[in-house]
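Got your viewer open? Let's take a short walk through this model, from the whole chain down to one residue.

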Amino acid sequence: MNEVVGRDDLLLVTLDTLRHDVAQELAAAGRTPELARRLPGGRWEERHAPGSFTYASHQAMFAGFLPTPARQGPHPRLFAARFPGSESTAAGTYVFEGPDLVSGLAAAGYRTVCLGGVGFFNRLGPLGSVLPGMFQEAHWEPEFGVTSPRSFEAQVDRAERVVAGLPPGQRLFLFVNVSALHQPNWFHLPGATAAAGDSRASHAAALEYVDRHIGRLFTAMSARRRCFAMVCSDHGTAYGDGGFSGHRIGHPSVWTVPYAHFFLDHGTAP
């Protein structure tokens, strides 16, 4: 990462609430072709989330603690704050000064931009302002939120405008919190109704919706130079698994998440 930071643009996409098993099943079945063709070997890596809900998980990720590989470590991290005795800081780790990656990248000359999704990014109150407040520029509007059937399209529209408005030489760190997978997601499943509620099937349909539009985001982020992209979930969610529903609970459906990182070469086409 010491060769990447300062040279390439950076993209972090959190597919909020996406379960690992659903992501893997859809990739294997050819139902998310845009994402699958970017994944190493066409498969998501199984990892463990750093938190069981959005706020906790993003606080950890912004400190450099991305989801951890689901096997015994130690696992060298891509990014880490300077911390004496850190066992996950290796030669290839980009070490930043300060408490969080966002300010560390800003100090390295990056324009840091947040495109919010779920309520922890809506800036409608003090709590919803903490995470976006780390960034030099933050955007949220109701159309980006969990109740919008076209939330991700609206986020990509804004991302395209952000990239187009930057000077050619300005490096960018863009963070996108994708709200489409989060409850409510029933409206992404054809024929579903609000009365029927959300389900594992509507969760999968929401991921298919994201896949149909994420190519535009990748194209925008590689339009000016190569981009290093990290795409993952911040946590999963339960749909009756073991008698549980939702998240902020200690269940494998919540802690087990999909992760991938890869380069988007300059001029990537959708």
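The tour begins with the overall view and ends in a loop.

Before you click, know that this is a predicted model, where local features need pLDDT of at least 70, side-chain atom pairs count only at pLDDT 80 or more, and totals for chains, interfaces and linings use all residues. Residues are numbered from 1 along each chain as its sequence is written, and side-chain values use heavy atoms, with hydrogens and water left out.

**Whole chain.** Switch to cartoon view and you'll find eight helices and 12 strands; these are DSSP runs (helices H or I, at least four residues; strands E, at least two), numbered from the N terminus. Show just the C-alpha atoms, and they fill a box of roughly 50 × 40 × 40 Å along the principal axes.

**Inside and outside.** Colour by accessibility next: 53% of the 270 residues are buried, meaning under 20% relative accessible area with a 1.4 Å probe, protein chains only. Turn on the surface, and about 10900 Å² is exposed, with carbon and sulfur atoms supplying 56% of it (Shrake-Rupley method, 1.4 Å probe).

**One residue.** Now select Thr93, in the loop between strand E4 (79–81) and strand E5 (94–96). Is Thr93 buried or exposed? Thr93 is buried, with a relative accessible area of 3%.

Which residues should you show around it? Leaving aside neighbours within four places in sequence, Thr93 is in contact with Asn2, Arg77, Leu78, Phe79, Ala80 and Ser88, where contact means heavy atoms within 4.5 Å.

Conventions
Buried < 20%, exposed > 50% of the residue type's maximum accessible area, 1.4 Å probe, protein only.
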